[in-house]
Amino acid sequence: MFDKLEVFENKYEELSARLCDPEIASSAEKYTQTMKELREVEAVALKYREYKNCRQELEDAVQMQREEKDIELSAMIDDEIKELEEKLHDITDQLKLLLVPKDPNDDRNVIVEIRGGAGGEEAALFAAVLYRMYLMYAAKQGWSCELVGANETELGGFKEVSFMVNGSGAYSRLKFESGVHRVQRVPDTETQGRIHTSTVTVAVLPEAEDVEIEINPADLRIDTFRSSGAGGQHINKTESAIRITHLPTGLVVECQDERSQYKNKDKAMKVLRSRLLEAERERQQGKVAQERRSQVGTGDRSERIRTYNYPQGRVTDHRIGLTLYKIDDILNGQLDEIIDALTAADRAERMKDDTE
C-alpha cells in the first residue's frame with residue numbers, strides 16, 4: 001500500500017510544480033487538464049502526508065516516554081500516545097478507502113428512466129412521485145435536469161418518464177437508485193381503506209460520450225410525430241417529436257419534450273448512445289441477463305431494492321437493511337442519508353474484494 005501512496009505523493013508534487021510553469025499557466029486547455037489530474041491524486045496525497053505527520057508525532061511521543069522520569073508527565077505522554085495510535089488507525093482506514101479503485105463513470109451525467117410496474121394507475125402515480133423526488137434531490141445538489149420524454153396518464157401519473165441529470169458526480173450519487181421501488185399505501189380511489197402494493201422500476205444510465213459509441217446512420221430508422229399529452233391533447237401542431245429505432249438491437253428511443261425537432265433528435269441520440277454503452281458494458285462483463293435484472297428487474301412485486309410504506313411513514317432499503325421513519329423528507333428529495341449509507345456499503349465491499 002505504501003508504495004502506491006509514494007507514487008500518489010510524487011505525482012501530486014509533480015503536478016503542483018507544473019501549475020507554476022508559465023507554459024501551463026498561459027494555456028487554458030493545459031491548465032484545466034493539469035488541474036483535473038491534480039484533483040485525482042490530491043485527496044490521497046494529502047491524506048498520506050497527514051499519515052506521515054501523525055506517525056512521526058507518535059514516534060516522537062514514544063521516544064519522550066522512554067526518556068521521561070517524572071511519573072505524572074509519563075502518564076500524560078501515555079494518554080497522548082493512545083490518542084495518536086487511534087488517529088493513525090483512523091487515517092490508515094481512510095487511506096485504504098481512498099485507494100479503492102473509483103468507478104470510471106462516477107463523474108458523468110446520467111439518464112434516468114422511470115417506469116410504472118405492477119399496480120396499474122397506482123404504479124403510474126408513484127412513478128410521478130419518484131420523478132418529483134429526483135428532481136428535488138437534483139436541485140439540492142445544484143444539478144440541472146432536462147426532460148427527455150414522458151407517457152402521462154389521465155390522473156397525472158407516468159407510465160414512463162425519462163430525463164437527463166447534468167452535474168458533477170451525478171452518476172456516483174444516483175447509480176444506487178437503479179432497481180425496483182415498492183410502494184405500500186391506500187390509493188385515493190380505494191373506498192375501503194385497504195393498502196395496495198405497487199412497483200416502479202428505475203434505471204440510471206451514465207451518459208455516453210460520442211467517441212465511445214459509433215452509430216452507423218444506416219442502422220437507424222427515424223420517425224417524426226406530433227407531441228401529445230394525456231388524453232391525446234396536442235402539445236403542438238408540428239411533427240417535432242422524434243422516435244429513433246436502432247435496427248440491429250431493436251432499441252427504441254422517443255423524445256418529445258422540445259418544440260424543436262433538432263433538439264429532440266439530439267436528446268434521443270444521447271439516450272440511445274447511453275443505452276448502447278450500457279448494453280456493451282454488460283456484454284463485456286458477461287452478465288447481460290443478471291445485470292439487467294439487477295437494474296430494473298421485471299417489475300414483479302416480490303422484487304425490490306426499496307419499500308416506501310406510507311401508513312408507517314417508513315422507507316426501507318433492503319440491500320443494506322436500512323430503515324428510516326421519515327418518508328415525507330425522503331420523497332421531498334432528502335436522499336443523502338440513504339445514498340451515503342449505500343455508498344459506504346459499496347466502498348466496504350470493494351475494499352474487501354480488493355484485499356482478497
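In which strand is the place of H181? I looked this up before anything else. H181 sits in strand β4, which covers residues 179–185. I note here that the model is a predicted one.

**Entry: the whole chain**

I looked up the make-up of the chain. The chain has 10 helices and 11 strands. There are 356 residues, and 40% of them count as buried. I then looked at contacts between residues at least 6 apart in sequence, and 62% of these join residues at least 24 apart.

**Entry: H181**

Is H181 buried or exposed? I found a relative accessible area of 0% for H181. The cut-off for buried is under 20%, so H181 is buried.

Next I looked up the side chain. A polar atom of the H181 side chain lies 2.9 Å from the backbone oxygen of E177.

Which residues touch H181, leaving aside its neighbours within four places in sequence? I wrote down L130 and Y134, then S198, T199, V200 and V202, and then I305, R306 and Y308.

**Entry: K326**

I moved on to K326. This residue lies in the loop that runs between β11 (322–324) and α9 (327–331). Its relative accessibility is 34%. Partly exposed covers values between the limits of 20% and 50%, so K326 counts as partly exposed.

What is K326 in contact with, once neighbours within four places in sequence are left aside? I found G313 and E337. For G313 I looked up two separations from K326: the two residues are 13 residues apart in sequence, and their C-alpha atoms are 6.1 Å apart in space. For E337 I looked at the side chains. The side chain of K326 and the side chain of E337 make a polar contact at 3.0 Å.

**Entry: helices α1 and α3**

My last item was a pair of helices. Two packed helices are described by the angle between their axes and the distance between the axes, so I looked up both values. Helix α1 is residues 2–19 and helix α3 is residues 28–67. Their axes come within 7 Å of each other and cross at roughly 135°.

Why is α1 called oblique to α3? Angles over 145 degrees count as roughly antiparallel and 65 to 115 as roughly perpendicular. The crossing of roughly 135° falls in neither range, so α1 is oblique to α3.

I also looked up the handedness: α1 passes α3 in a left-handed crossing. By class, the contact of α1 with α3 has 15 nonpolar residues, two polar residues and 10 charged residues.

Key. Residues are numbered from 1 along each chain as its sequence is written. This is a predicted model: local features need pLDDT of at least 70, side-chain atom pairs count only at pLDDT 80 or more; totals for chains, interfaces and linings use all residues. Side-chain values use heavy atoms; hydrogens and water are left out. Axes are lines fitted to C-alpha atoms, for helices over the stretch in contact, and angles run from 0 to 180 degrees between N-to-C directions. Helices (H or I, at least four residues) and strands (E, at least two) are DSSP runs, numbered from the N terminus. Angles under 35 degrees count as roughly parallel, over 145 as roughly antiparallel, 65 to 115 as roughly perpendicular and the rest as oblique. A crossing is left-handed if the near helix is turned anticlockwise from the far one by less than a right angle, and right-handed if clockwise. Ala, Val, Leu, Ile, Met, Phe, Trp, Tyr, Cys and Pro count as nonpolar, Asp, Glu, Lys and Arg as charged, and the others, Gly among them, as polar. Buried means under 20% relative accessible area, exposed over 50%, partly exposed in between (1.4 Å probe, protein chains only). A polar contact is a pair of N or O atoms within 3.5 Å; within protein, one must be able to donate a hydrogen and the other to accept it, and residues adjacent in sequence count only if both atoms are side-chain atoms. Contact means heavy atoms within 4.5 Å.
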